[in-house]
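Let's take a walk through a protein fold together, one piece at a time. Have a look at the picture first, and then we'll sort out what goes where.

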Amino acid sequence: MAELRFDDGAAYEQMMGVWSRSVGVVFLDWLKPAQGLRWIDVGCGSGAFTELILARCAPSDVQGIDPSEGQLAFARTRAGARGAAFQTGDAMALPFPTASFDVAVMALVLVFVPDPSKGVAELARVVRPGGLVATYMWDMLGGGFPLDPILDEMRAMGLSPTRPGHMEVSTLAALQAFWSAAGLQQIATREITVQRTFADFNEFWNVETKAPSIAPVIAAMPAADVTALMQRVRARLPAATDGRITYNARAHAISGRKPG
């Protein structure tokens, strides 16, 4: 299976950063973390969620880790992320000693980790006893992914856009199993539904087709097929009388504590 890579921080920010922040706000309100904690944001990407941690949780330290230097370069330009340190790193081998943090989080990352169980184990390893380990991930199998209106119609036309390697780990049952296997306790889960509005269909199309799962496929399609795909997607997303397109996406969230 081809690997999905997110190297264009600006494009990712426009396409997914808005969605990520919407879910992230609800996620942090649900976690209710104390102020002044040490955080690690694994798979921080363009820094959308890192910025939320700084704005809402008054952390004493935030470390952002991502495999893409292109994404990190964008994250470092965020005015709201100036209090964070960003470095390249592997979610399955975090470059920090055991018990370095109070909170370890992943935002929309786990399905992309080659060995998700190892990724969760690393989150648990780097938090102190009593520390919090949490994630949220789009409901990839239940129709909750923001790009599903396009991806579903692509598949209906016989196209094969690249998908994450481990979509099955986005279910609540799978997340609970990973958290339990990592020895975490006080496990809690919830669904988070968010909504986004685009000015019109053209804005929706121009923004969401920047995704690395979609853009290369569309670039290789004949113009007539692209037009047909657009018509199919437009029919799924009826516009308001002023042309605006509004639709929902859904994520699964989980949290747990490292035994003290």
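Before we start, one bit of vocabulary: two strands are said to pair if DSSP finds at least two bridges between them. Keep in mind, too, that what you're looking at is a predicted model. With that settled, take strands β2 (residues 61-66) and β3 (residues 84-88): they pair in the parallel sense, over five bridges. You can find individual partners here. Q63 has A85 of β3 as its bridge partner, and V62 stands opposite A84 in β3. As a general point, strands of a sheet pair through backbone hydrogen bonds, either parallel or antiparallel.

Now zoom out for a moment. The protein contains nine helices and seven strands. Seven strands form an open sheet, in the order β3-β2-β1-β4-β5-β7-β6, and the pairing is mixed. At the edges sit β3 and β6 (185-198), each of which pairs on one side only. From one strand to the next, the twist averages 20 degrees.

Let's go back to β2 and look at its other neighbour. β1 and β2 also pair in the parallel sense, again with five bridges. Here the bridge partner of I40 in β2 is Q63. To get from β1 to β2 the chain passes through α2, and this β-α-β crossover is right-handed. Something similar happens further along: β2, helix α3 (residues 69-75) and β3 make a right-handed β-α-β unit.

How enclosed is β2? Five of its six residues are buried, so the rest of the structure largely encloses this strand. On its way across the sheet, strand β1 (residues 38-42) is joined to strand β4 (residues 101-107) as well, by four bridges, and the two run parallel. If you'd like a pair to look for, W39 has V103 of β4 as its bridge partner.

What about the helix in that first crossover? Helix α2 is mostly covered, with seven of its ten residues buried. Those buried residues are A48, F49, T50, E51, L52, I53 and C57. A general rule is handy when you look at any helix: an α-helix has 3.6 residues a turn, so residues three or four places apart point the same way. Just after α2, A58 takes a positive phi of about 40 degrees.

Let's pick out T50, which is found in helix α2 (residues 48-57). Is T50 buried or exposed? Its relative accessible area is 0%, and because buried means under 20%, T50 counts as buried. Which residues does T50 touch, leaving aside its neighbours within four places in sequence? The contacts are D41, C44, V62, A84 and F86. You've met two of these already: V62 and A84 stand opposite each other, with A84 in β3.

For another buried residue, try E13, in helix α1 (residues 9-31). Its relative accessibility is 12%, so E13 counts as buried. Leaving aside neighbours within four places in sequence, E13 is in contact with V18, R21, S46, A48, F74 and R78. One of these, A48, is a buried residue of α2.

Other helices sit against the sheet too. Helix α4 (residues 116-126) lies across β1, β4 and β5 (127-138), and runs at about 145 degrees to β5. Helix α7 (residues 201-208) packs on the sheet as well, touching β6 and β7 (245-257), and its direction makes about 130 degrees with that of β6.

Then there's helix α5 (residues 148-156), whose buried residues are D148, P149, I150, L151, E153 and M154. What covers them includes α7, α8 (215-219), α9 (223-236) and β7. After α5 comes G158, with a positive phi near 85 degrees.

Finally, step back and look at the whole thing. Along its principal axes, the C-alpha trace spans about 60 × 35 × 30 Å. A compact globule of 260 residues would have a radius of gyration near 18 Å, and the protein's 18 Å agrees with that. Of the 260 residues, 51% count as buried. Among contacts with a separation of 6 or more, 77% are between residues 24 or more positions apart. As for the outside, the accessible surface comes to about 10,700 Å², and 52% of that belongs to carbon and sulfur atoms.

Terms used
Residues numbered from 1 in each chain as written. Predicted model: local features only at pLDDT ≥ 70, side-chain atom pairs only at ≥ 80, totals over all residues. Heavy atoms only, no water. Buried < 20%, exposed > 50% of the residue type's maximum accessible area, 1.4 Å probe, protein only. Contact = heavy atoms within 4.5 Å. Right-handed = clockwise from strand over helix to strand, strands pointing away. Axes fitted to C-alpha atoms, helices over the stretch in contact; angles between N-to-C directions. Rg over C-alpha atoms; globule rule 2.2 N^0.38 Å. Areas by Shrake-Rupley, 256 points an atom, 1.4 Å probe, with all protein chains shown as cover.
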